[in-house]
Amino acid sequence: MKVTNLDERIHVLDSECDVMTVIKNIAWSGLQEEAFYVLDIGDIVRKHQIWKEKLPRVDPYYAVKCNDNLLVIEVLAALGTGFDCASKSEINKVLSVGVDPSKIIFANPTKPASHIRHSAEVGVDTMTVDNESELHKIKKLFPSAKIVLRIRCDAVEAVCPLGMKFGCDPVHEAPNLLRLAYMLDLNVVGFSFHVGSGCKDPPVYRRAIRHCKILFDLATTLGFKPYLLDLGGGYPGNKDTSIDEIAEIINKALDDYFDTDAVHVIAEPGRFYVASAFTLATGIHSKRSVRGDENSPTIITHNMYYINDGVYGSFNCLLYDHQHVTPIPLKSGCGKLIPSSVWGPTCDGLDQVVENVMLHDMELGEWIIFENMGAYTLPVASPFNGFPIPKVHVVADEEIWLLLKDALPLTEDHFVIGNTPGNLRLGLDIGGNDINSWRDTDSTIKLPSSEIITDSPNTPPHFIYDFIEAPLS
């Protein structure tokens with residue numbers, strides 16, 4: 001396996017090290033100036049265990065659009081999940097790690113013609129539809145496709161409603177689409193819905209499943225042989241959330257309406273799997289203290305902190321995903337709390353991360369942590385104003401390593417054995433393909449910190465030194 005400075009291997013941590021330890025080692029190294037993520041693979045594995053326990057009849061098909069990090073896809077493939085893809089690029093990314101095309105659903109109801117042709121070429125034959133023109137398009141481009149009709153059944157409250165864009169009316173439109181599909185000699189294999197991303201209305205799942213049962217019966221009457229029920233997304237994934245109530249409602253509805261092994265039930269969880277697995281560390285590079293009025297000119301009434309990531313980067317989730325983030329100072333503060341705001345690094349006045357929060361007084365060079373940053377952040381981030389997209393460091397504990405190291409597409413080559421290597425502490429890229437040098441600490445390349453941070457007029461090599469150890473100041 002060739003690992004370049006554009007990707008990461010999974011760093012295996014011992015029992016005395018955790019995500020916060022890694023963040024502190026990198027942030028306090030004195031050499032890290034850019035924002036960075038730490039991805040805990042174990043968190044994804046634990047989410048999968050929860051899913052299988054709470055929803056035993058429902059096979060998860062991970063929504064790639066939520067976070068298309070390659071290691072996330074590889075870990076989920078190793079765990080046996082399927083994948084919900086929305087474009088030919090997402091399909092290609094999933095296929096590139098060895099996933100069988102039968103484990104992919106092309107779950108975009110409105111697809112460019114070239115994407116349909118591509119899915120036919122690579123064998124991804126299950127796809128969603130919610131309108132007449134899409135049926136005619138598929139008839140022309142991919143007539144043997146397995147069609148899943150997507151109905152609309154909106155949650156009363158969701159982080160991102162989707163019904164205004166996708167989903168046909170289950171009472172009037174869906175029966176007409178079924179009849180058209182029959183006339184076109186297309187193969188309708190099932191039905192799907194999406195109640196809205198970040199659903200806060202659990203009973204909506206029962207309403208949607210009941211609609212699908214009625215349509216299953218109608219499809220059977222028309223001569224189709226439907227076997228697929230897709231429950232879509234909407235499952236929360238933050239640390240302080242649970243899918244227990246949603247799971248209870250879904251399981252009861254499946255027992256009531258689809259009490260048969262002849263129906264394959266899937267869902268498209270996205271944020272459930274990755275939201276809490278990613279923690280973002282941001283550094284304060286500038287600060288503006290707003291003083292009191294002329295009667296008390298020395299009193300600070302508000303602190304404005306400028307960090308090295310913002311709404312054009314990871315915090316695009318504030319604009320596009322309606323998220324709320326909580327700043328957590330990495331270093332414990334003392335003294336009184338001061339009204340504060342947190343701003344991104346760009347020159348845009350809209351680049352505000354937190355409008356008003358009470359924080360202890362902090363200085364330049366201190367770090368602010370944001371949890372639950374794995375959903376709809378990195379895939380949408382841009383390098384606006386020239387500020388880089390944060391690097392992702394990937395970690396796992398020894399138990400997770402033992403579970404995954406031989407689960408294809410993962411191999412032992414994906415892992416770096418040993419507690420937080422020096423290059424991870426310093427936040428540097430890794431590279432090279434000499435795996436043994438990572439496992440044998442006696443062969444460590446030792447470089448003084450000055451050699452690492454000194455600017456060089458020469459173009460940097462494509463590969464960075466493997467397993468760099470440097471003294472911490």
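pLDDT is the predictor's confidence in each residue, on a scale from 0 to 100. This is a predicted model, and the chain averages a pLDDT of 84, with 83% of its residues at 70 or more. Two stretches fall short. Residues 1–7 have a pLDDT below 50, and beyond near neighbours in sequence they make 22 contacts in the model. Residues 429–473 are also below 50, with 84 contacts in the model beyond near neighbours in sequence. Where pLDDT is low, the predicted coordinates should not be read in detail. So take those contacts with a pinch of salt.

**The chain as a whole**

The chain has 15 helices and 22 strands. Of its 473 residues, 53% are buried. If you look at contacts with a separation of 6 or more, 71% of them are between residues 24 or more positions apart. About 21,200 Å² of the chain is exposed, and carbon and sulfur atoms supply 52% of that.

**Helix 5 and its surroundings**

Helix 5 covers residues 113–122, and its buried residues are His-115, Ile-116, His-118 and Ser-119. These four span an arc of only 160° around the axis, which puts them on the same side of helix 5. The general rule behind this is handy: an α-helix has 3.6 residues a turn, so residues three or four places apart point the same way. What do the buried residues of helix 5 pack against? Their partners are helix 4 (88–95), strand 5 (104–106), strand 6 (126–129) and helix 6 (132–141). Right after helix 5 comes Gly-123, with a positive phi near 90°.

A little further on, in the loop between helix 5 and strand 6, sits Asp-125. Asp-125 has a salt bridge to Lys-146, which brings us to the charged pairs.

**Salt bridges**

Side chains of opposite charge can pair when their charged atoms come close. The structure holds 17 salt bridges, and here are three of them:

| Acidic residue | Basic residue | N to O distance |
|---|---|---|
| Asp-125 | Lys-146 | 3.8 Å |
| Asp-256 | Arg-206 | 2.9 Å |
| Glu-412 | Lys-405 | 3.9 Å |

The Asp-125 pair links distant parts of the chain, since Lys-146 lies in strand 7 (residues 146–151), 21 residues apart from its partner. Lys-146 is partly exposed, at 28% relative accessible area.

For the next pair, Asp-256 is in helix 9 (residues 244–257) and Arg-206 is in helix 8 (residues 204–222), so the salt bridge ties together parts 50 residues apart in sequence. Asp-256 counts as partly exposed at 37% relative accessibility, and Arg-206 is partly exposed too, at 29%.

In the Glu-412 pair, burial splits the two ends. Glu-412 is partly exposed, with a relative accessible area of 30%, whereas Lys-405 counts as buried because its relative accessibility is 16%, under the 20% cut-off. Elsewhere, Lys-111, Glu-134 and Lys-137 are joined into one network by salt bridges that share partners.

**Backbone oddities**

Most residues other than glycine have a negative phi, and most peptide bonds are trans. Against that background, a few spots deserve a look. The peptide bond from Leu-408 to Pro-409 is cis, with omega near 10°. Pro-409 is in the loop between helix 12 (398–404) and strand 20 (415–416).

Where does Asn-372, with its positive phi, sit? Its place is the loop between strand 18 (367–370) and strand 19 (391–397). Phi of Asn-372 is near 55°, and the residue is buried at 16% relative accessible area. Tyr-376 is in the loop between strand 18 and strand 19 as well. Tyr-376 isn't a glycine either, yet has a positive phi of about 55°; at 18% relative accessibility, Tyr-376 counts as buried.

**A buried threonine and a surface patch**

Is Thr-81 buried or exposed? Thr-81 counts as buried, because its relative accessibility is 3%. The residue lies in the loop between helix 3 (70–79) and strand 4 (82–85). Leaving out residues up to four places away in sequence, Thr-81 touches His-48, Pro-60, Leu-76, Lys-103 and Tyr-273.

On the surface, Leu-319, Tyr-320 and Val-380 make up a nonpolar patch with about 310 Å² of accessible area together. Tyr-320 belongs to helix 11 (residues 317–320) and counts as exposed, at 56% relative accessibility.

Terms used
Residues numbered from 1 in each chain as written. Predicted model: local features only at pLDDT ≥ 70, side-chain atom pairs only at ≥ 80, totals over all residues. Heavy atoms only, no water. Buried < 20%, exposed > 50% of the residue type's maximum accessible area, 1.4 Å probe, protein only. Helix = DSSP H or I, 4+ residues; strand = E, 2+ residues; numbered from the N terminus. Arc of directions from axis to C-beta. Contact = heavy atoms within 4.5 Å. Patch = residues over 30% accessible without salt bridge, like charges linked within 9 Å, V, L, I, M, F, W, Y side chains within 5 Å. Areas by Shrake-Rupley, 256 points an atom, 1.4 Å probe, with all protein chains shown as cover. Salt bridge = Lys/Arg side-chain N within 4 Å of Asp/Glu carboxyl O.
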